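Student: I am new to this structure and should be grateful for a close look at a single part of it. Please set that part in its surroundings as you proceed.

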Amino acid sequence: MTGTRPDKSKLYYPKMTPTWWLKRPNYILFMLREFSSVFIAVFLVVFLIQICQLTRGPEAYADFSQRLGSPGWITFHVVALLFALYHSITWFYSSAIVLPMRIGETEIPRNRVVALNLALLAVVSFVVLLLFISLQG
Amino acid sequence: MADKTITLKVARYRPGQDPAPTLQTYTIPYRQDWVVLDALNHIKDQVDGTLSYRWSCRMGVCGSCGMMVNGVPKLTCAAFLRDYHPREIRVEPLANFPVIRDLVVDITDFLDKLKRVKPWLIRKLEKPIAEGEYLQKPQELEAYKQFTQCINCMLCYSACPVYGLEPEFLGPAAIALGYRYNLDSRDQGREERQPVLGAHDGVWQCTFVGECSEVCPKHVDPAAAIQRSKVEAAKDWVKAVLLPWGQR
């Protein structure tokens, strides 16, 4: 085996460019999925700060909440929501690949598992939304 | 039909002469039933005998003729000219591998990694031939059959940006084949393979881009094999932590 190895000094070693991820749609989608974590992390930090404001009293909380109502923060939260949805959908697609589900000896088709998971996500999201609305009322 | 032509831009690299590959243009007759490999063979036979590339079976079995066709890893014996005509076709060596000459890449790294996962049946004790075959139920065969379809064409390595950025990564096909033997009910070599698969340069380098499964011509789905191997490696870790006196 060693005797058949090519002369390394004569090989051409290709290098990946920093823009490799722009070359294929799937690479872009992958990078978007990874990038979504940045927005979700920032959202969680802001959310934690918002909860901390509760310990400082109603005025501090109201002041912080008012600042979150600025156009910049609303835009951020809309973008973060879109990224969170994208991340959730890709998560369910991924989980169907990682953990194949079976009924007896038969494997359930991936698309059905994904559809079931997405339906559950929609139901849970709807329930949370109803709870939020009822608490507002 | 006979008057139609198609243009191929083919990567050329002459070791010791060229600092980097360049594209050479060939305009050849267009035939609807030709694949890219037929076009390369036409160039080699009729136009330029110095062109170098690998091929063998011409029927998607040997896995030798993998190349980048318009930037996508393909078996050139299965890439029809009609799917590209009248646009020109760019043919380059498989991405992420060192180039030996023209369209021929150095595959020794892949072969070394393949050997590390021990893609063969391992028995702690072979039973005598007189006792017969190692029998398997249809569902036991079904558990790993999909992963046996790998033809070592390396398109998955070429599509994997992680392998391009981190050449130490064990890579999709090697992991899929290691996983295939771990799933085989006749095999007893999981303990030998798992340290290789579960190492830092094994499954944990994978960021689940998933493109390996997209380009696989045999629908092996190496991305699934890698993610499921991660679950197996995680289980081993949990067992090692919870059962420090010895894994089962």
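Tutor: B:D102 counts as buried because 23 other C-beta atoms lie within 10 Å; the cut-offs are 20 or more such atoms for buried, 12 or fewer for exposed and partly exposed in between, with C-beta atoms placed from the backbone. This is a predicted model, in which local features need pLDDT (the predictor's confidence in each residue, from 0 to 100) of at least 70 and side-chain atom pairs count only at pLDDT 80 or more, while totals for chains, interfaces and linings use all residues. Residues are numbered from 1 along each chain as its sequence is written, and chains are lettered from A and ligands numbered from 1 in the order in which they are written.

B:D102 sits in the loop between β6 and β7 (104-105) of chain B; strands (E, at least two residues) and helices (H or I, at least four) are DSSP runs numbered from the N terminus. Although B:D102 is not a glycine, its phi is positive, at about 45 degrees. Most residues other than glycine have a negative phi, and most peptide bonds are trans.

B:N96, in the loop between β5 and β6 (99-101) of chain B, also has a positive phi, of about 75 degrees, without being a glycine. B:N96 is buried, with 23 other C-beta atoms within 10 Å. In the loop between β4 (72-75) and β5 (89-92) of chain B lies B:P86, and the peptide bond leading to B:P86 from B:H85 is cis, with omega near 5 degrees.

Strand β5 of chain B also belongs to an open sheet of five strands, ordered β2-β1-β5-β3-β4 (chain B) with mixed pairing; two strands pair if DSSP finds at least two bridges between them. At the edges are β2 (22-29) and β4 of chain B, each pairing on one side only. Direction ignored, neighbouring strands of this sheet are turned by 35 degrees against each other on average. Helix α1 (residues 36-47) of chain B packs on the sheet and touches β1, β2, β3 (66-69) and β5 of chain B. The direction of this helix makes about 90 degrees with that of β2(B), where axes are lines fitted to C-alpha atoms, for helices over the stretch in contact, and angles run from 0 to 180 degrees between N-to-C directions. Strands β1 (residues 5-12) and β2 of chain B run antiparallel and are joined by eight bridges; within them, B:A11 has B:L23 as its bridge partner.

The assignment, automatic or from a database, divides chain B into domain 1 (5-105) and domain 2 (108-242). Their C-alpha centres lie 30 Å apart. Each domain gives 13 residues to the contact, for which C-beta atoms, placed from the backbone, must lie within 7 Å. On the side of domain 1 of chain B that touches domain 2 of chain B, β3 and β4 of chain B each supply at least two residues, and β4(B) gives the most, with three. That side divides into nine nonpolar, four polar and no charged residues; Ala, Val, Leu, Ile, Met, Phe, Trp, Tyr, Cys and Pro count as nonpolar, Asp, Glu, Lys and Arg as charged, and the others, Gly among them, as polar.

Key:
Contact = placed C-beta atoms within 7 Å.
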